[in-house]
Amino acid sequence: MNSTSQLEQQLRTLRLAETASRLPELITEAERRDASYHEFLASLLNHEQKRREEKQIERYMKWATFPYHKTLEEFDVSEQTTLSQRQVNQLQELTWLDQLYNLILLGPPGVGKTHLSVALGIEAIHQGYQVSFLPMGELVHVLKTTEMTRKSQVRKRRILKSDLVIIDDLMYMAMNQHEANLFFQLINELYDQSALIFTSNKGPNDWGELLGDPGITTAILDRILHHAEVIHLNEDSYRMKYRQSIFGGEPVTPNQAKSVQN
Ligand code: ADP
Ligand code: MG
């Protein structure tokens, strides 16, 4: 009979590394439970599969480069008059992702656009999808330096392999012709291949002026809006409402803040 260390070696050769690293415990556990052959084999395969899934989630979470970890459970829908719990549950099912629908999350700062996009990204990873998260400025940088640095090359490759690409704070700055072209090329490559989430404080009608060239603008909007759901988040800023106030009691509202400054 093969010794345990020989079995471990064979498992590694067969690329069952997770089972190899836990083999003695798995055997002891099966003996303790007086497991049948069938049960023992099932426990080995379940272990291998579970660990592989966990490792893939860890890897995808790292590759996604989220700015913070926020989940859908932490997203308070009662703050939103424009979005219901039923709609959030529907988004959570990710049918839109399979159907390559794009989501456009619009609203002023602090209303939960980034939070909702991150939460949907995390959900997607847990359901086995690959995700990339990039603030717009970073995306433009990656696109401009793809030919020059290995880091940007790797990043670009991961973006193209992602099932979901989240572009945060789209159009917060004007782009020059070269940047708009690179952005269009990327949208073109992702078109019909990945779902996209855009967050922005400006609606698609205002994107044109920041992209400059009318031809490129039309082409980009055409692809982004072809299959898109626009979600407006509340004007009432969550961040403003719940931030700590140095005055104690009632936080200062934006209007009061203005009059304090004046
Ligand atoms: P923005 O719309 O500017 O992207 P964020 O999504 O970053 O805003 O939200 C700002 C902060 O407020 C984050 O810490 C986020 O978790 C919190 N927040 C905003 N909206 C909600 C919400 N509906 N439920 C829970 N937390 C929220
Ligand atoms: Mg944001």
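This briefing walks through the ligand site, one pocket and one cavity of the structure above. The model is a predicted one. Around ligand 1 there are 17 residues, and the protein covers 87% of the 550 Å² of accessible area that this ligand has on its own. Beyond the ligand site, the second largest pocket holds about 340 Å³ of space, and the largest cavity holds about 90 Å³.

**Who surrounds ligand 1**

- The closest of the 17 surrounding residues are K70, D76, G110, T114 and H115.
- Sorted by class, this shell has six nonpolar, five polar and six charged residues.

**Polar contacts of ligand 1**

- H115 brings an N or O atom of its side chain to 2.6 Å from an oxygen atom of the ligand.
- T114 places a polar side-chain atom 2.7 Å from an oxygen atom of ligand 1.
- V111 takes part through its backbone, where a polar atom is 3.2 Å from a ligand oxygen.
- With these contacts in view, it is worth recalling the cover: of the 550 Å² of accessible area that ligand 1 has on its own, 87% is covered by the protein.
- Two elements, α6 (113-126) and α12 (238-242), give two or more residues each to the shell around ligand 1.
- The largest share of that shell comes from α6, with three residues.

**The second largest pocket**

- Its lining is made up of 15 residues, and Q87, Q90, L91, L103 and E229 are the ones nearest the pocket centre.
- At least two lining residues come from each of α4 (85-92), α5 (95-98) and β5 (228-232).
- The strand β5 gives the most to this lining, namely four residues.
- By class, the lining divides into seven nonpolar, six polar and two charged residues.

**The cavity**

- A handy general point: rolling a probe the size of a water molecule over the atoms shows where empty space is left.
- How many cavities of 30 Å³ or more does the count give? It comes to one.
- The largest cavity has about 90 Å³ of space.
- Its lining consists of L100, N102, L190, Y191, D192, S194, L196, R223, H226 and H227.
- Four of the lining residues are nonpolar, four are polar and two are charged.

Methods:
Residues are numbered from 1 along each chain as its sequence is written. Chains are lettered from A and ligands numbered from 1 in the order in which they are written. This is a predicted model: local features need pLDDT of at least 70, side-chain atom pairs count only at pLDDT 80 or more; totals for chains, interfaces and linings use all residues. Side-chain values use heavy atoms; hydrogens and water are left out. A residue is near a molecule or strand if one of its heavy atoms lies within 4 Å of it. A polar contact is a pair of N or O atoms within 3.5 Å; within protein, one must be able to donate a hydrogen and the other to accept it, and residues adjacent in sequence count only if both atoms are side-chain atoms. Accessible areas come from the Shrake-Rupley method with a 1.4 Å probe; for residues, only the protein chains shown count as cover. Ala, Val, Leu, Ile, Met, Phe, Trp, Tyr, Cys and Pro count as nonpolar, Asp, Glu, Lys and Arg as charged, and the others, Gly among them, as polar. On a 1 Å grid over the protein atoms alone, a cavity is a set of points where a 1.4 Å probe fits but cannot get out, and a pocket is an open set with protein on both sides within 12 Å along at least five of seven lines; lining residues have an atom within 4 Å of a point. Grid points are joined across faces, edges and corners, and a volume is the space filled by probe spheres set on the points.
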